[in-house]
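Grab a pencil and work through these exercises with the structure open beside you. Try each task on your own before you read its solution.

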Amino acid sequence: MKRIYCAASLVSLLFAGLASAAETINAAGASFPAPIYQKWFEEYKAKTGVAINYQGNGSSAGIKLLTDGTVDFAASDVPMTDDQIKAVKIKPLHFPTVLGAVVLTYNIPGVTADVQLSGPTIADIYLGAITKWNDPRIAADNKGIKLPATDIVVVHRSDGSGTTGIFTDYLAKVSPAWEKKVGRGNSVQWPTGLGGAQNAGVAGLVKQTPGSIGYVELIYAVQNKMGYASVKNAAGKFVKPSFEGVTAAAAGMKEMPEDFRVSIANGPGDKTYPISSFTWMLIPSQISDPAKKKAITGFLTWMLTEGQKDAQALSYAPLPPAVVAKEKKQIALIK
Amino acid sequence: MTFRNAYRKAVNNVMLTLTGVCAVITVSTLFIILAYLVYNGGKSVNLDFFIKLPLGTGETGGGMANAIVGSGEIILFASLIGIPIGFFTGVYLSEWGGQGSVYSFVVRYMNDLLNGVPSIVIGIFAATVLVKPLHHFSAIAGGFALSLMLIPITAKNTEQFLSEVPRALREGSYALGATKWRTIASVVVPAARKGIMTGIILGVARISGESAPLLFTSFNNQVWSNGIQDPVASLPVMIYSHAISPYDDWHRQAWAAGLVLLVLVLIANIAARLILTRGSSPGRG
């Protein structure tokens with residue numbers, strides 16, 4: 001009997017300890033910006049004590065969880081569609097956070113030089129029309145590199161993904177064949193290839209599979225010292241994905257629409273890296289818990305000012321000042 | 001005649017070798033897994049792993065303190081729900097559920113079916129009844145999912161050990177004037193105590209390595225969980241998310257998490273063995 005009593009009091013102690021911790025905000029979605037989001041949330045927690053639990057489980061999963069109401073806010077690399085917005089009980093607002101690049105990362109045995117690829121070539125690789133690394137269409141853009149006769153292993157995302165959304169949006173803009181056969185979307189019918197979960201999963205597969213090519217956010221290739229391709233932009237120049245290339249893409253944007261839903265794929269400018277995109281946090285326009293509202297709006301304000309300074313170190317591009325000013329006004333709309 | 005003898009001898013030798021080889025394969029598989037995990041996990045585990053929180057994607061360092069506690073929390077809930085229900089189901093089946101009873105036949109059959117439901121399906125079920133309506137991933141939902149796996153294991157095991165208690169013990173108790181309830185509580189269950197305990201501990205060890213039911217019930221957490229109604233980190237989910245990543249340091253931590261999980265399960269197993277061999281449980285089987 002005494003033993004049972006001891007166990008019971010131990011259990012109740014544990015519960016009491018767990019319940020007394022500070023408030024946590026739960027968020028989920030895009031894995032494309034996960035490295036910088038988690039860095040931000042760590043810094044913000046150190047500064048204010050507000051803990052934000054972010055799980056980068058894919059843009060589509062994030063939107064689904066926001067719709068179900070199981071997270072406090074979500075994140076996506078592709079703006080929500082009108083139908084998706086309608087499906088959410090409390091209308092979400094789009095807050096661009098940073099810009100990033102979707103890069104073609106590869107693992108070609110024996111090749112250390114930077115490979116150059118044009119949009120239609122990438123589309124044909126992903127359509128399964130180009131199957132060898134030494135295909136004449138790849139070789140034509142890579143004079144001076146000896147490409148092996150290895151089979152190309154195409155790697156794509158297995159989960160619903162904003163990174164896929166950005167990538168297929170770009171391919172649809174540069175390849176009519178892609179637009180007709182596959183189209184755009186967070187999940188598409190892939191004609192060929194292996195699937196990996198999240199940006200990390202695709203990077204992991206490419207790293208382990210000789211002959212493979214995959215698409216991930218720039219930071220995932222940089223952190224893992226994997227090769228990534230220069231891509232031909234709308235001005236006809238090959239641009240290596242970088243902080244500068246993405247910044248140029250942002251500068252080429254004509255005007256940010258009122259609701260911040262915009263695509264900048266294949267934008268103008270000599271220095272523009274063509275597969276660049278904003279990435280968004282999706283914040284409910286009404287937050288009933290005052291403590292949570294204060295924490296989330298406080299974070300947004302911090303992110304738009306202090307937080308932007310972290311972008312470059314992680315190879316993301318900070319928001320243009322005009323966009324920041326516009327977003328600050330939108331924070332006031334959160335009721 | 002001699003030919004027949006030689007033939008029978010040959011068949012005997014072949015079968016003996018075959019079974020022996022299979023036994024060696026079974027045991028060596030276990031040892032290869034253990035050795036590989038201890039080798040990789042051993043060089044990966046460090047103090048930080050036990051006392052620090054995970055760092056952001058791609059950063060080197062940090063630990064899984066929250067996942068170790070979280071796993072403990074989820075398993076505790078699973079045990080609090082699963083063990084009593086499973087245990088009493090087992091008692092019912094053994095003591096009241098005779099061969100002719102249709103009801104116990106159905107319960108026994110359903111129990112076996114539940115035992116065979118893929119763990120991912122149990123996860124979906126728990127998410128549908130506890131996560132979606134409440135709008136919260138939570139440690140409780142994770143514990144509930146795992147308890148659904150623990151119930152059939154505990155029930156089956158309890159029934160087995162109880163029905164092995166000799167009939168004479170029960171009759172002795174009745175002869176002294178004890179009621180059925182008294183007999184079960186004071187004679188039958190204590191006699192099978194060690195076996196039941198072992199079964200429970202093995203069941204708990206079995207569910208503690210499950211990641212699929214936790215993916216969309218307890219979810220995951222970068223930081224300390226805010227309470228039992230909040231998402232919580234757990235070792236199996238951490239192993240999953242770290243193992244598919246491209247980062248060497250995350251792979252290291254996944255190995256470390258695997259080793260820590262294995263050691264916890266081994267401790268539970270060894271504890272179960274000790275409880276079984278110590279004391280004077282009536283011989284079983």
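Before you start, one definition: two strands count as paired if DSSP finds at least two bridges between them. Keep in mind, too, that this is a predicted model.

**Exercise 1. A small sheet**

Work out the order of the strands in the open sheet that holds β5 of chain A, and find which strands stand at its edges.

Step 1. Start with one pair. β5(A) runs parallel to β10(A), which covers residues 230–232, and two bridges link them. If you look across this pair, you'll find A:Leu117 opposite A:Val231.

Step 2. Now add the third strand. The order is β5-β10-β11 in chain A, and the pairing is mixed.

Step 3. Look at the ends. β5 (116–117) and β11 (238–239) of chain A each have a single partner strand, so one side of each has no neighbour in the sheet. Those two are your edge strands.

As background, strands of a sheet pair through backbone hydrogen bonds, either parallel or antiparallel.

**Exercise 2. From the sheet to a helix**

Find the helix that holds A:Ile138, and decide whether this residue is buried or exposed.

Step 1. Locate it: A:Ile138 belongs to helix α6 of chain A, residues 136–140.

Step 2. Count its surroundings. The cut-off for buried is 20 or more other C-beta atoms within 10 Å. A:Ile138 has 23, so it is buried.

Step 3. List its contacts. Leaving out residues up to four places away in sequence, A:Ile138 touches A:Thr121, A:Ile130, A:Trp133 and A:Leu147.

Step 4. Link back to Exercise 1. A:Leu117 is 21 residues from A:Ile138 along the sequence, yet their C-alpha atoms are 6.8 Å apart in space.

**Exercise 3. One strand, several partners**

Find out which strands pair with β4 of chain A, and in which sense.

Step 1. Take β12(A), residues 276–284: it pairs with β4(A) in the antiparallel sense over nine bridges. Here A:Pro92 faces A:Pro284.

Step 2. Next comes β8(A), residues 212–217, also antiparallel to β4(A), with six bridges. A:Thr105 has A:Gly214 as its bridge partner in this strand.

Step 3. Then there's β9(A), residues 227–228, which is antiparallel to β4(A) over two bridges. In that strand, A:Tyr228 stands opposite A:Thr105.

Step 4. Check how covered the strand is: 16 of the 16 residues of β4(A) are buried.

**Exercise 4. The nonpolar cores**

Describe the largest nonpolar core and explain why it lies between two domains.

Step 1. Get its size. The core has 98 residues, and A:Ala74 and A:Leu104 have the most contacts inside it.

Step 2. Ask who supplies it. β4(A), residues 92–107, gives the most, with nine residues.

Step 3. Bring in the domains. Domain 1 (2–99 + 276–331) and domain 2 (101–251) of chain A both contribute residues, so the core lies between them.

Step 4. Zoom in on A:Ala74. Beyond its neighbours within four places in sequence, its contacts include A:Ala27, A:Gly62, A:Leu66 and A:Leu282.

Step 5. Don't miss the second, separate core: it has 64 residues, among them B:Ala139 and B:Leu215.

**Exercise 5. Where the chains meet**

Count the residues in contact between the chains, and sort those on the chain B side by type.

Step 1. Count: 24 residues of chain B contact 30 residues of chain A.

Step 2. Sort: the chain B side splits into ten nonpolar, twelve polar and two charged residues.

Definitions and conventions
Residues numbered from 1 in each chain as written. Chains lettered and ligands numbered in written order. Predicted model: local features only at pLDDT ≥ 70, side-chain atom pairs only at ≥ 80, totals over all residues. Helix = DSSP H or I, 4+ residues; strand = E, 2+ residues; numbered from the N terminus. Core = buried A, V, L, I, M, F, W, Y, C linked by C-beta atoms within 7 Å. Buried ≥ 20, exposed ≤ 12 C-beta atoms within 10 Å, placed from the backbone. Domains from an automatic or database assignment. Contact = placed C-beta atoms within 7 Å. Nonpolar A, V, L, I, M, F, W, Y, C, P; charged D, E, K, R; others polar.
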